[in-house]
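Could you walk me through this protein in plain language? I have the sequence and the 3D picture open, and I'd like to know where to look.

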Amino acid sequence: MRNGRHTYLYHPSADEDPAPVLRHLLQAGLVVLLVLDKDQPLPEGVRTFSELSGKAAAESTSQQIAETILHHSMLDSMMAPNNWII
């Protein structure tokens, strides 16, 4: 991602607990883009794109999604480093 914010796209298997992997990736200072299947529960503390932007991802272009992620990750890195997941 632009401005030195490294990202990791993570799609855990249906029977996998993503919490340990998420902790590890966040401790490494990465912005984690978590992809879940429809039936997978959202891990505690995870913020969705719709929570960040106020609209569903389907209503946005990929550029708008990237800009929203960049904006929020930069704000959060200044206030609470290594504690951010989408």
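Find Thr 7, which sits in strand E1. What you have on screen is a predicted model, by the way, not an experimental one. Is Thr 7 buried, partly exposed or exposed? Its relative accessible area is 34%, and the cut-offs are under 20% for buried and over 50% for exposed, so Thr 7 counts as partly exposed. Now look across to strand E2, where Val 31 is the bridge partner of Thr 7. Val 32 is another residue to check from here: 25 residues separate Thr 7 and Val 32 along the chain, yet their C-alpha atoms are 5.7 Å apart.

Go one step along to Tyr 8, and you'll see that it stands opposite Val 32 in E2. In total, four bridges join E1 to E2, and the two strands run parallel. How does the chain get from E1 to E2? It crosses through helix H1, and this β-α-β crossover is right-handed.

It helps to zoom out for a moment. The chain has three helices and two strands, and if you start at the N terminus, the elements come in the order β-α-β-α-α. Among the contacts with a separation of 6 or more, 58% are between residues 24 or more positions apart. As for the surface, the chain exposes about 5,700 Å², with carbon and sulfur atoms supplying 54% of that area. Of the 86 residues in the chain, 30% are buried.

So where do nonpolar residues gather inside? As background, nonpolar side chains in soluble globular proteins tend to be buried together. Here, the largest nonpolar core has eight residues: Tyr 10, Leu 22, Leu 25, Leu 26, Leu 30, Val 32, Leu 34 and Val 46. Helix H1, covering 19-27, and strand E2, covering 31-34, each supply at least two of the residues in this core. Which element gives the largest share? That would be H1, with three residues.

Take Leu 22 as a core member to look at up close. You'll find Leu 22 in helix H1, and because its relative accessibility is 3%, it counts as buried. Val 32 belongs to the core as well. Leu 22 and Val 32 are 10 residues apart in sequence, and in space the distance from C-alpha to C-alpha is 7.5 Å.

Tyr 10 is another core residue, and it takes us back to the aromatic rings. How many aromatic pairs does a search of the whole structure find? It finds one. The partners are Tyr 8 and Tyr 10, with ring centres 6.4 Å apart and planes at 45° to each other, which makes the pair tilted. The two tyrosines are covered to different extents: Tyr 8 has a relative accessibility of 37%, so it counts as partly exposed, while Tyr 10 has a relative accessible area of 6%, so it is buried.

Finally, follow the chain past the end of E1, which covers 7-10, into the loop that leads to H1. Ser 13 is in this loop, and so is Ala 14. Ser 13 is partly exposed because its relative accessibility is 37%, whereas Ala 14 is exposed, with a relative accessible area of 59%. Both have a partner worth finding further along the sequence. For Ser 13, try Asp 37: they are 24 residues apart in sequence, and 8.6 Å apart in space from C-alpha to C-alpha. For Ala 14, try Gln 40: with their positions 26 residues apart along the chain, their C-alpha atoms are separated by 6.5 Å.

Definitions and conventions. Residues numbered from 1 in each chain as written. Predicted model: local features only at pLDDT ≥ 70, side-chain atom pairs only at ≥ 80, totals over all residues. Heavy atoms only, no water. Core = buried A, V, L, I, M, F, W, Y, C linked by side-chain atoms within 4.5 Å. Buried < 20%, exposed > 50% of the residue type's maximum accessible area, 1.4 Å probe, protein only. Phe/Tyr/Trp six-rings, centres within 6.5 Å; stacked < 30°, edge-to-face > 60°. Contact = heavy atoms within 4.5 Å. Areas by Shrake-Rupley, 256 points an atom, 1.4 Å probe, with all protein chains shown as cover. Pairing = 2+ DSSP bridges. Right-handed = clockwise from strand over helix to strand, strands pointing away.
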